[in-house]
Amino acid sequence: MGRTGILTTPHGKIKTPALMPVIHPGKQTLDVKEFGAEVVITNAYIMYKNVELREKVLEDGVHKLIDFPGPIVTDSGSFQLSLYGDIDVDNKEIIEFQKIIGTDIGTSLDIPTPPFVKRERAERDLEITIERAKEASEIGGDMMMNSVVQGSTFHDLRSKCAEEIGSMGFDVYPIGAVVPLMESYRYTELVDVVMASVKNLPDSQPRHLMGAGHPMVFALAVAMGCDLFDSAAYILYAQDDRIMMPTGTFKLANLVEMPCSCPVCSNHTPDELRSMKKSDRMLLLAQHNLAISLAEIRKIRQCIVDGNLMELVEQRCRVHPYLLDALRNLKKYTSTLEEYDPASKNSAFFYSGPESLARPEIQRHLSRINRIPRKKNLLLLPRSRKPYSKNLHHDLGKFYLKHIKGETLGDSQELWEDIQVAVVDVPFAVIPIEIDEVYPLAQNESPIITDEDSKKFVSAEMEKYMAEFDNVIISAKILDRFDMYTIELDSGGETSENPLRVYSLEEYELDSFRLDVDDREKISSIADYQFGTGAGKALFPDDVQIVKSRKTGKIRHIYEDKTLIATLRATDSVFVLDREGARRLHSLMDYPKNRVVVNADADPFAREGKSIFAKFVIDCDINIRSNEEVLIVNEKDDLIAYGKSLLCGHEIMDFNTGQAVKTRKGGI
């Protein structure tokens with residue numbers, strides 16, 4: 001769910017994800033703008049209660065007080081409320097104060113309910129938080145406003161709060177009272193709290209994970225849809241001679257080498273730092289901590305663009321056992337993550353361990369192979385170099401027959417009359433040979449040595465897929481690799497230990513093995529996999545002409561007579577529609593499948609081939625993923641253009657700014 005964005009404020013734009021360094025209004029330690037900080041957060045309550053600070057900020061404004069020209073977010077005193085149990089200000093007073101001092105994004109006075117309290121308290125606190133949010137929405141005026149999601153560790157209360165305040169039109173939605181979870185390494189509970197909140201907040205507004213300041217948690221939080229972070233950790237850790245890195249925390253007392261190549265680490269040795277005055281040392285360590293934290297944010301933004309954020313998440317979550325628990329807990333939210341995961345990316349899929357099996361790309365593939373019509377028989381082949389269809393060997397050793405239903409096969413000639421050929425491999429389990437070049441089935445790498453989790457996963461998915469066929473021919477190499485038999489195959493016995501024992505396996509002579517992937521079957525299968533069952537026949541009747549690249553031999557264009565229907569993109573082997581392809585797909589798919597519906601104002605611009613902005617969209621297929629081919633229609637479902645979605649269906653419906661679809665052609 002990670003995304004890059006632009007948050008516009010009265011004092012400038014913020015690239016998200018972003019880290020907001022905490023600035024104490026009375027004792028600024030570092031000039032954080034020198035390190036690239038685009039936004040900071042400070043405490044309005046401290047200024048409100050300190051007479052001297054209050055006089056200065058009322059006269060000069062908050063930007064001059066803390067010497068920061070960019071966007072400033074102010075907290076309302078909720079942090080002090082969580083520490084001391086009571087503060088001397090009410091919601092209306094602190095909001096009005098934030099408006100007067102020139103805050104860019106103010107915060108209502110929520111009740112930060114700590115984790116694991118009794119439900120009665122959480123419910124009581126939540127009622128106050130929601131009432132104060134309503135008040136803030138009425139009195140905030142022109143000031144941009146935060147409204148904080150609370151609810152302790154009760155998932156339903158977090159969801160309720162997110163849904164209620166999410167409908168009030170705030171500019172930013174912080175997720176509060178999670179610092180105790182992070183301080184006690186309760187990252188598993190953190191995942192549940194964040195997901196319960198994010199799933200019910202508007203996609204068009206940034207989400208702020210309050211108090212998250214350690215770089216080792218940024219990637220995980222961004223993958224769950226968080227856009228902003230704040231913390232004073234860069235200072236607090238430095239005061240304790242601790243050095244933050246994305247891979248954990250180091251104590252200066254234990255170091256013989258500095259951990260990175262930032263200016264502090266490059267120009268000082270641990271011995272030199274230890275010999276300094278504490279105040280000088282603290283300043284240098286704070287510089288390192290801030291620099292490394294901002295560098296991690298930049299890395300995350302690049303990973304989002306490249307499409308490999310989850311690989312970074314897996315790396316970061318392996319630095320601590322409790323973070324690994326959190327990653328494993330994230331598995332139960334894979335369906336939600338998949339809805340936001342782009343259909344195609346710039347980078348390959350790298351398998352880095354059993355946790356990779358929960359990635360959205362795998363779930364999407366296992367769902368979409370069911371779009372391809374089943375045949376009578378199935379031949380399962382072992383892995384080879386990718387693409388599999390170009391590198392399968394004819395000498396593959398033993399094969400076994402698994403008879404499931406109907407009449408058993410007589411000979412290998414009968415096998416080829418109605419057969420689906422597929423490869424079994426990690427991590428995508430079963431890959432029909434016609435779609436083996438579609439992203440990410442050919443654009444992935446996994447270890448040669450297969451781990452036990454992968455064996456179980458692939459075996460289970462393979463068994464589900466096999467159940468739809470009459471007869472299955474299985475390479476013995478697959479059974480060996482995935483430990484799918486432990487007793488003699490000719491014993492004929494059944495055992496609950498192995499699903500393959502449900503039916504007898506008999507050795508099968510595959511005497512005329514051949515693999516010639518039919519081009520028409522290939523384009524039809526890719527279309528079904530990409531757009532839905534039946535798309536292949538609708539787009540590509542039997543008399544189409546297939547044009548291949550002279551250089552690579554790959555399919556490039558599909559014509560009927562001289563009319564271009566679609567182009568198979570070389571980078572990911574998915575179809576890019578032309579006008580005739582869009583018309584045919586529109587005729588096949590019932591409303592609102594594959595559609596983005598624009599209002600009357602946008603209709604003429606779409607017909608001219610102009611890109612579609614989200615504010616003009618009135619409906620869409622909610623199952624659209626970003627980077628997918630979509631049809632652009634008007635309110636009457638007239639096809640007026642087609643293009644590539646830049647957002648997923650949920651985002652298209654929620655955003656009111658920015659492009660939703662990059663139109664390829666209009667005037668249909």
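Tutor: Welcome! A helix here is a DSSP run of H or I with at least four residues, numbered from the N terminus. This is a predicted model, and α5, at residues 91–100, makes a good start.

Student: Why is α5 called a helix?

Tutor: The cut-off is at least four residues in a DSSP run. α5 spans residues 91–100, so the run meets that minimum. Just after α5 comes G102, with a positive phi near 90°.

Student: What makes D90 a cap of α5?

Tutor: A side-chain oxygen of D90 lies 3.3 Å from the backbone nitrogen of K92, at the N-terminal end of α5. A polar contact needs N or O atoms within 3.5 Å, so this pair qualifies.

Student: Which residues of α5 are buried, and how do you know on which side they lie?

Tutor: The buried ones are N91, I94, I95, F97 and Q98. Their directions cover an arc of only 160° around the axis, which puts them on the same side of α5. In general, an α-helix has 3.6 residues a turn, so residues three or four places apart point the same way. Among the elements covering the buried residues of α5 are α1, α2, β5 and α6.

Student: Is N594 buried or exposed, and why?

Tutor: The limit for buried is under 20% relative accessible area. N594 has 8%, so N594 is buried. N594 sits in the loop between α25 and β25 and has a positive phi of about 65° although it is not a glycine.

Student: And what is D241 called, buried, partly exposed or exposed?

Tutor: D241 has 22% relative accessibility. Buried requires under 20% and exposed over 50%, so D241 counts as partly exposed. D241 also is not a glycine, yet its phi is positive, about 55°. The residue belongs to the loop between α11 and β11.

Student: How do you know that β11 and β12 pair?

Tutor: Pairing takes at least two bridges. β11 and β12 have four bridges and run antiparallel, so they pass that test. One of the bridge partnerships links R242 with K251 in β12. With two residues between them, these strands form a hairpin.

Student: What makes β26 and β27 edge strands?

Tutor: They belong to an open sheet of six strands in the order β26-β30-β29-β28-β25-β27, with mixed pairing. β26 and β27 each pair on one side only. Within this sheet, β25 and β28 run parallel, joined by three bridges, and V596 has I632 of β28 as its bridge partner. Helix α25 lies across β25, β28, β29 and β30, running at about 100° to β29.

Note on methods:
Residues numbered from 1 in each chain as written. Predicted model: local features only at pLDDT ≥ 70, side-chain atom pairs only at ≥ 80, totals over all residues. Heavy atoms only, no water. Contact = heavy atoms within 4.5 Å. Axes fitted to C-alpha atoms, helices over the stretch in contact; angles between N-to-C directions. Buried < 20%, exposed > 50% of the residue type's maximum accessible area, 1.4 Å probe, protein only. Arc of directions from axis to C-beta. Polar contact = N/O pair within 3.5 Å; in protein donor to acceptor, adjacent residues only side chain to side chain.
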